[in-house]
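Welcome! Open your viewer, get comfortable, and follow the stops below one at a time.

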Amino acid sequence: LHMAFLHVVLKLYKDEAVANQELLTKIEPAFMLGLRSRDSSLRNAFFKLFNQQIGRTISQRLEFVTTQDWDTLSSTLWLRQATQLLLATVEPDTAISLPANGVQLPALRVVRAPGWPKAAAGNEVLLARMLDAHRKFLNECTSYTTMGDLMAPLCELLHDTGASLLTYELWIA
């Protein structure tokens, strides 16, 4: 029932025919509740509208965050929404790259000390799997090439119930 209600609220905010500012002001607390929905796709739909309603510069966002009435979200950590709003100022298509002399990790390899006994056959297979998993991990890391690739998962983490400390650390950073 709660989800159905949030879908109706979202539909009202999306509908350009409902340009009645008085109605939208009255249901704003319900809109704010949509920003903390456990359903990620619904929460993202609410945030997309929220993001469009506020200026794009960091100063406009900071002014909004500090003057916004967060009472509707007072029973939760509203810093999640405020932090996500600030993170959304990043241009998602901006490329991520390291400078030529940036941090680079050496390849993971196995080095046996002289005099150590040769590992059992089962350990060699396990070691090969670990190295393969490491190679796949490094390849995945290089697939994140834009700020959007980095920010989308970070914003999802903000809403995880166990990530309150992450939200707090990002807010004060």
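Is phenylalanine 47 buried or exposed? Select phenylalanine 47 to find out: its relative accessibility is 9%, so this residue counts as buried. Keep in mind as you look around that this is a predicted model.

**Stop 1: a pair between two helices**

Now select phenylalanine 31 and phenylalanine 46. Their rings form an edge-to-face aromatic pair, with 5.2 Å from centre to centre and 65° between the planes. Colour the helices next: phenylalanine 31 sits in helix H3 (residues 28–34), while phenylalanine 46 belongs to helix H4 (residues 40–53), so this pair ties together parts that are 15 residues apart in sequence. Turn on the surface and look for the two residues. Phenylalanine 31 is buried, at a relative accessible area of 1%, and phenylalanine 46 is buried too, at 0% relative accessibility.

**Stop 2: a pair within one helix**

Go back to phenylalanine 47 and add phenylalanine 50 to your selection. These two also make an edge-to-face aromatic pair, 6.3 Å centre to centre with 65° between the planes. Both residues lie in helix H4, 3 residues apart, which is about one turn of the helix. Like its partner, phenylalanine 50 counts as buried, with 2% relative accessibility.

**Stop 3: the wider picture**

How many aromatic pairs does the structure hold? There are 7. To finish, select Tyr13, Phe31, Phe46, Phe47, Phe50 and Phe64 together and show their side chains: ring pairs link these residues into a cluster.

How values were computed: Residues numbered from 1 in each chain as written. Predicted model: local features only at pLDDT ≥ 70, side-chain atom pairs only at ≥ 80, totals over all residues. Heavy atoms only, no water. Phe/Tyr/Trp six-rings, centres within 6.5 Å; stacked < 30°, edge-to-face > 60°. Helix = DSSP H or I, 4+ residues; strand = E, 2+ residues; numbered from the N terminus. Buried < 20%, exposed > 50% of the residue type's maximum accessible area, 1.4 Å probe, protein only.
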